[in-house]
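Welcome! Open your viewer, load the structure shown below, and keep the selection tool at hand.

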Amino acid sequence: MAVEELQAIIQRCQILEEADFKGEDFNLFQVAGQKCLEDGYAAQLLEVIQNEKNKVIIKNMGWNLISPLVRCIFMYKEDDDKREHCLRILDQLAQLCNPKELFLGLLEQIEQTSGEQVCQTVMLLLQPLQTVLLKLQNKKAYSVGLSLAMIMNQLTPLPVPYTKQQIQEDKLGLCQCCNAVVDFAKPFVNEVVKNMEKSSEYNDMELKEELIKFCMKSLKYPLLTAQLEQLEGIEEHPFRQFATEIIDILWNMGELIPLMFVHHKGKSPLWEDQEFADMERKNSADSLACLSYLIFVQHFGVKCFPVVFSPSYLLLCNMTHIEVLLKRTEESVLSKGLDLFESCLLRMEDNSLLHHYLEFRDFINVPQDLVKIMTLCPMEHMRKKSLNILQLFIDKFDTEGKYTLFRCLLKTSNHAGVEGYIIKNIKDQIHLASTEYDNIWFTGHHLISLLDLVLSLPEGAETDLLQNSDRIMASLNLLRYLVIKDCESDYQTGVWTTLGKIEQNFLKPLRVGLNMSKAHYEAEIKNKKENRKEAQSSNTVCSLTVSGEKMMPMTTGMQLQVLHSALFTFDLIESVLARVEELIEVKTKAVMDEN
Amino acid sequence: MTTDEATKSEGEVQAAALAERGEDITPSKDRGVLKIIKRPGSEDESPMIGDKVYVHYKGKLANGKKFDSSRDRNEPFIFSLGKGQVIKAWDIGVATMKKGEICYLLCKPEYAYGSAGSAPKIPSNATLFFEASNAGELVELLDFKGEDLFEDGGIIRRIKRKGEGYSNPNEGATVEIHLEGFCGGHRFDCKDVKFVVGEGEDHDIPIGIDKALEKMQRGEHCILYLSPRYGFGEAGKPKFGIQGNAELVYEVTLKSFEKAKESWEMDTKEKLEQAAVVKEKGTMYFKEGKYLQAVIQYGKIVSWLEMEYGLSEKESKASESFLLAAFLNLAMCYLKLREYAKAVECCDKALGLDQDNEKGLYRRGEARLLMNEFELAKCDFQKVLEVNPQNKAAKSQISVCQKKTKEHNERDRRIYANMFTKFAERDAKEAASKTGVGKPAEKAACEKGPKAPGAEGEEAEGHV
């Protein structure tokens, strides 16, 4: 039935001239063709299409069949003959149809697909799309750009497989699809490269720009969020393969180095407008950061990378990228930022980074971002790693750099744990300075000014000692170290001259604070114990929510435990404080006796 | 014999020759960088620090293994000389080369990648050897040119002596310099001078020098080629006998400077103390009519105090009063500089601190009036009167607003009248909707420039 209808319309059109085809004919052809497909007469339809006599008809009307054809292909199973026929029809249409219309027809199919079918559809249509684009005469660069942009836009909402298992399973086919898209782009890249050798025509610039856009887009998605470490048991890691290809494309088109190093770039003729150029830069920040990660951490494209840059300069160039990555919260992106930072630091010798680099904004911002990660990030390994990197960063600076960095971190971190950690670092530096002759930053008046910052309580006697216990303990340890150490080295640190101030700003309020806190907590414990008997009923005083989950209300027993552990902390502080005071007293007395 | 071994022995021979006969070009004479000239340069001039240099090179490790070659990339390698962009050996080595020269360099690890190496190509403690390839070049200096400071050809710098470190004077830093100014080969100025960056004009120093200083380092001695835009401009400088649109050449030595402190380097107490100082300075400039300079001073108060947290009650009172004064004065400066949108922004911020501030309301009214936002301006002046009914100036401004609104409406009417005749054939409904669209679009066009997000809310309140 359906086949006969098709034959009828075909016969009618065979005698017409190309120009005489009417809209009505197109409709009838589409309806009949679609019916053939739906009723399972794909083989017959293929015959009609292959018939030399129908060439003109197919050239003009064939593209109408794309939509029903794609639907049918997904209906049949892999090994169905009918599916095979459909695929051959698609192939024939790509060869025979008017490129312009078929191009739009194919693009429309890609645009309409969504969800789980995206990758399948894209992979199905890439081959015909490439055939058609290669045949296009006009607006080729534009059409290639449009196709790539459309494909990438359709892929972008898909989740990127992250674990080894997910990658191997490749449920939605994304891994496979990405590599298919690169193959799709290759002939166009080759064209650009070939023409670059000859001369640069304007049209080529356009195609090149489109391909660069595609690479930039690929770096942002899927590569930025993809797992790019080598995985055991997967020889051909699909995303590593994809990354290699993308970098090759950039390299072959001569764009890799200019993208990496701004100073290599002459003024881009395409972005004359400065504002537009800035916007473009901002948009590409993620992509460039990912590119840096691929080159410096994963060593992609390293074969062609200049090996004469100084490590500090590479760090400087990467700092912007690191900052971009560390501002993100996804594990995949954040870990790339940490890896990139680490790899840049590992290239440097200790103490080799000049303090002048702190004049660059990023060098102050990035350690602050690290602090945020190590205090707020929910993933423990990230917190630990960022702490390690902070230490690495500190180690790389010269003495003055360390000094400035400590000052900055003490003022900006707002976290007692981090402050305690910095104070411990200061102690190490003071120790080191006592063995060196030319260290002016952790001795004498520079040190005194730093100690002012360390040996103080943020809010005097009212400071929450429990909250600040890490910082206070570190400060007391430092002071104890200074008092013991300086007996031997003749007031090198200058701590004795500033003792009065330390007593006033730190020791005295700390004593007062300890007394008040202890009294308060002891009273609280007493209260709790008394109340325990009368109010066995669990009327909770407050409720606590942690990341959206309501915590179990604390029993009185647990509350008591917490209060006791607080008291324990106060005792600990008090004991170190007592020891410090004792040392000071002995020393001061000795000096007085001498006089 | 494999080719690997062959290149290895070849590499060893050349390295040995270098070690034996090479000239030690390190400043400290520690034989860390040795050089042999293979082909002398075609010109006698060497590149200067900061110059953009173009080189071709090929690098090998001590075992003869090639690790890098610019020829593989089909393009010369470009970098800024003497800026620490490349390994130390190169900053030292290329500086000794002449244009067209080809040489060999042997670089000890301390002058290359040291004990850390450079993953994945350079192992730890590697001596690098830059040498001739088969084609016959090793490090070839192709070309170099002066550094274009702002990528606009306006200021070209050539450094005669490099300064120390990477730290540059910032805006507001106090600098001590020696300068000599030349115009057409004639020296018109020569002096030692101490001034604050951004205020060079006080000492007859063109703006280009201020700008260039922000890119110089302590001890640097350089030649600056200034286009008229960065020099004395169209007006020239009669005092020096310099005509309009003259190209200038300056030789500048930055003897010393003291940076203005970054915000995070100061504690609250210091910020408050300094705020009092710069406020005074700003007011002085304002009285002399130097509004740009005044803006810089008042701007400092904002940058120091606007985001300061954790202040005691007393401190936060002091901080607020400084900020309020700074915003109000900035608004006044911007009014004088005819940057009305910025003036409005500052008033908004001032009113955020004190919503009934008479000056804030009045100045916002003035700025809006000048931006042709008559209705909004009128609201502001009316509010002034609510706060202080005695304010005569505000009263007269309201009548100005009303007058202007009237004029404006009449002009609108004429314009729309034309429009209505044009659209006469079209149906009335469509025409009506057109005018509806026309008005807000026109209003938006008047509201150029960025606006604080708070602004909308306040305006809405104003209408109520």
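The tour below moves from one selection to the next. Keep in mind throughout that this is a predicted model.

**Stop 1: where the two chains meet**

Colour chain A and chain B separately and look at the place where they touch. Here 30 residues of chain A are in contact with 36 residues of chain B. The size of an interface is often given as the accessible area lost when the parts come together. For chain A and chain B the buried area is about 2,900 Å², and carbon and sulfur atoms give 58% of it. Now select A:V307, A:V308 and A:H356: in chain A these lose the most area to chain B, together 23% of what that side buries.

Next, show the side chains of A:E359 and B:K259. They form a salt bridge, with the closest N and O atoms 2.5 Å apart. How many salt bridges does the rule find across the interface of chain A and chain B? It finds one. Polar contacts join 14 residue pairs between the two chains, counting pairs with both residues at pLDDT 80 or more.

To see which elements of chain A take part, select α17 (311-326), α19 (361-376) and α21 (399-412), which are the elements that give two or more residues to the side touching chain B. The largest share, three residues, comes from α21(A). By type, the residues on this side of chain A divide into 17 nonpolar, six polar and seven charged.

**Stop 2: a salt bridge inside chain A**

Stay with chain A and select A:K385 and A:D339. Their side chains meet in a salt bridge, 2.4 Å from N to O. A:K385 lies in helix α20 (residues 380-396) and A:D339 in helix α18 (residues 331-346), so the pair ties together parts of chain A that are 46 residues apart in sequence. Over all chains, the structure holds 48 salt bridges.

**Stop 3: two backbone details in chain A**

Most residues other than glycine have a negative phi, and most peptide bonds are trans. Chain A offers an exception of each kind. Go to the peptide bond from A:Y221 to A:P222, which is cis with omega near 5 degrees; A:P222 lies in the loop between α12 (202-220) and α13 (238-252). Then select A:D170, a residue other than glycine whose phi is positive, near 45 degrees. A:D170 sits in the loop between α10 (164-169) and α11 (174-198) of chain A.

**Stop 4: a six-stranded sheet in chain B**

Move over to chain B. Strands of a sheet pair through backbone hydrogen bonds, either parallel or antiparallel. Which order do the six strands of the open sheet in chain B follow? They run β10-β11-β14-β15-β12-β13, with antiparallel pairing. At the edges stand β10 (147-148) and β13 (186-196) of chain B, each with a single partner strand, so one side of each is left without a neighbour in the sheet.

Start walking across from β10(B), which pairs with strand β11 (residues 155-161) over two bridges. In this pairing B:I156 is the bridge partner of B:D148. The hairpin of these strands has six residues between them, and there B:E151 takes a positive phi near 55 degrees. Going on, six bridges join β11(B) to strand β14 (residues 221-226), where B:Y225 is the bridge partner of B:I156. Further along, select strands β12 (residues 174-183) and β15 (residues 248-258) of chain B, which pair over nine bridges; one pair to find is B:H178 with B:T253.

**Stop 5: other strands of chain B**

Select strand β2 (residues 33-39) of chain B. Two bridges join it to strand β1 (residues 23-24), and B:D24 stands opposite B:L34. Six bridges join β2(B) to strand β7 (residues 102-107), again antiparallel, with B:R39 opposite B:I102. In the loop between β7 and β8 (128-130) you will find B:P120; the peptide bond leading to it from B:A119 is cis, with omega near 0 degrees.

**Stop 6: regions named in the record**

An unreviewed UniProt entry places "domain: PPIase FKBP-type" at residues 50-131 and 172-258 of chain B. The second of these spans is 8% helix and 44% strand. The entry also places "repeat: TPR" at residues 324-357 and 358-391 of chain B. Residues 324-357 are 79% helix and 0% strand, with the end C-alpha atoms 9 Å apart. Select residues 358-391 to finish: this span is 79% helix and 0% strand, and its end C-alpha atoms lie 9 Å apart.

Methods. Residues numbered from 1 in each chain as written. Chains lettered and ligands numbered in written order. Predicted model: local features only at pLDDT ≥ 70, side-chain atom pairs only at ≥ 80, totals over all residues. Heavy atoms only, no water. Contact = heavy atoms within 4.5 Å. Buried area = accessible area lost by both parts, 1.4 Å probe. Salt bridge = Lys/Arg side-chain N within 4 Å of Asp/Glu carboxyl O. Polar contact = N/O pair within 3.5 Å; in protein donor to acceptor, adjacent residues only side chain to side chain. Helix = DSSP H or I, 4+ residues; strand = E, 2+ residues; numbered from the N terminus. Nonpolar A, V, L, I, M, F, W, Y, C, P; charged D, E, K, R; others polar. Pairing = 2+ DSSP bridges. UniProt positions renumbered as here; feature names shortened; annotations may be inferred.
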